[in-house]
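Welcome! Here is a short report on a few charged and polar side chains, written to be read with the structure open beside it.

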Amino acid sequence: MAFANQKIQRLLRADLSKKGSVDEPIVDLVEFINSLPHYFTTSSCSGRILIFENDLQADKKGCKWLYVSHTYVTLEEILTHLTAVPDEAVFKFEPFIMHVQCQILEDAQKLHQAAVAAGFRNSGITIGGKGKIMMAVRSTHSLEAPLSSEGKLIVSQEYIKFLTECANKKMEENKNRIHRFFDLVKTLSTKTESNKTFQTKCPVKKVQKVTHSEDGTKETETDLSLFVFDVS
């Protein structure tokens with residue numbers, strides 16, 4: 001009942017991302033996950049190409065975004081937002097990320113396996129001190145490059161074109177991974193309902209679990225998906 005109440009309260013509030021809402025490319029995915037009884041999303045980003053003004057004195061929330069796109073971009077769009085060059089402009093591609101709260105650890109492990117199988121190999125599970133279980137879907141195929149320094153461009157237009165092409169290729173791969181993840185989540189929900197095992201080639205670590213019986217001590221092996229414990 002506690003998890004169900006948490007889910008209701010969370011979904012009544014805005015997405016915890018900086019934008020405060022779900023990006024259009026992943027609306028169907030987010031709605032589907034939130035329709036499952038053992039999960040609810042807390043924040044997400046479908047992936048984006050952006051130019052921001054770098055400020056070493058400011059945290060992520062304080063940086064100034066000069067341009068943001070959640071789909072492919074053109075060289076002309078990028079150059080338009082560099083007409084008034086800031087002190088330090090940075091070009092960046094950030095891949096899809098999603099945080100999902102899960103009811104029990106087994107639920108988180110199944111979703112983690114789906115994420116890794118889809119290509120989001122940097123995904124992980126955190127367990128808070130009060131038992132809150134979070135699964136983060138994420139990958140490492142990001143891109144970041146400085147464009148200006150002290151108000152002057154330090155790269156050529158040809159190099160900006162190269163960055164744009166690289167970012168668009170990463171965005172294409174990002175969309176493919178999201179589609180694979182969505183398909184696997186749908187399959188996962190079906191298999192969960194039929195109480196079948198969801199299998200993938202997700203790397204696991206083995207731990208020894210000791211059990212006692214009338215005949216003595218017996219050792220068995222249990223597979224655990226890779227995850228991180230947060231005991232703060």
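## A salt bridge in helix 5

Arg177 and Glu173 pair through their side chains in a salt bridge, with 2.9 Å from N to O. Please keep in mind as you look that this is a predicted model. Because the two residues are four places apart in helix 5 (residues 157-193), about one helical turn separates Arg177 from Glu173.

How exposed or buried are the two partners? Arg177 counts as buried, since its relative accessibility is 16% and the cut-off for buried is under 20%. Glu173, with a relative accessible area of 26%, is partly exposed.

## A network of shared partners

Elsewhere, salt bridges with partners in common join Arg48, Lys92, Glu94 and Glu144 into one network. As general background, side chains of opposite charge can pair when their charged atoms come close.

Within this network, Glu94 forms a salt bridge with Arg48, and the closest N and O atoms are 2.6 Å apart. That pair links distant parts of the chain: Glu94 belongs to strand 4 (residues 89-94) and Arg48 to strand 2 (residues 48-53), with their positions 46 residues apart in the numbering. Glu94 also forms a salt bridge with Lys92, where the closest N and O atoms are 3.1 Å apart.

Are Glu94 and Arg48 buried or exposed? Glu94 counts as buried, because its relative accessibility is 14%. Arg48 is buried as well, with a relative accessible area of 10%. For the whole model, the count comes to six salt bridges.

## Ser69 and its surroundings

Arg48 also leads us to Ser69, a residue of strand 3 (residues 64-69). If you set aside the neighbours within four places in sequence, Ser69 is in contact with Gly47, Arg48, Ile49 and Met171. Ser69 is buried, because its relative accessible area of 8% falls under the 20% cut-off.

Which backbone atom lies 3.0 Å from a polar atom of the Ser69 side chain? The backbone oxygen of Thr71 does.

## Pulling it together

Arg48 is a handy residue to select in your viewer: Arg48 takes part in the salt bridge with Glu94 and is also in contact with Ser69. For the helix 5 pair, select Arg177 and Glu173, whose side chains meet in a salt bridge.

Methods
Residues are numbered from 1 along each chain as its sequence is written. This is a predicted model: local features need pLDDT of at least 70, side-chain atom pairs count only at pLDDT 80 or more; totals for chains, interfaces and linings use all residues. Side-chain values use heavy atoms; hydrogens and water are left out. Buried means under 20% relative accessible area, exposed over 50%, partly exposed in between (1.4 Å probe, protein chains only). A polar contact is a pair of N or O atoms within 3.5 Å; within protein, one must be able to donate a hydrogen and the other to accept it, and residues adjacent in sequence count only if both atoms are side-chain atoms. Contact means heavy atoms within 4.5 Å. A salt bridge is a side-chain nitrogen of Lys or Arg within 4 Å of a carboxyl oxygen of Asp or Glu.
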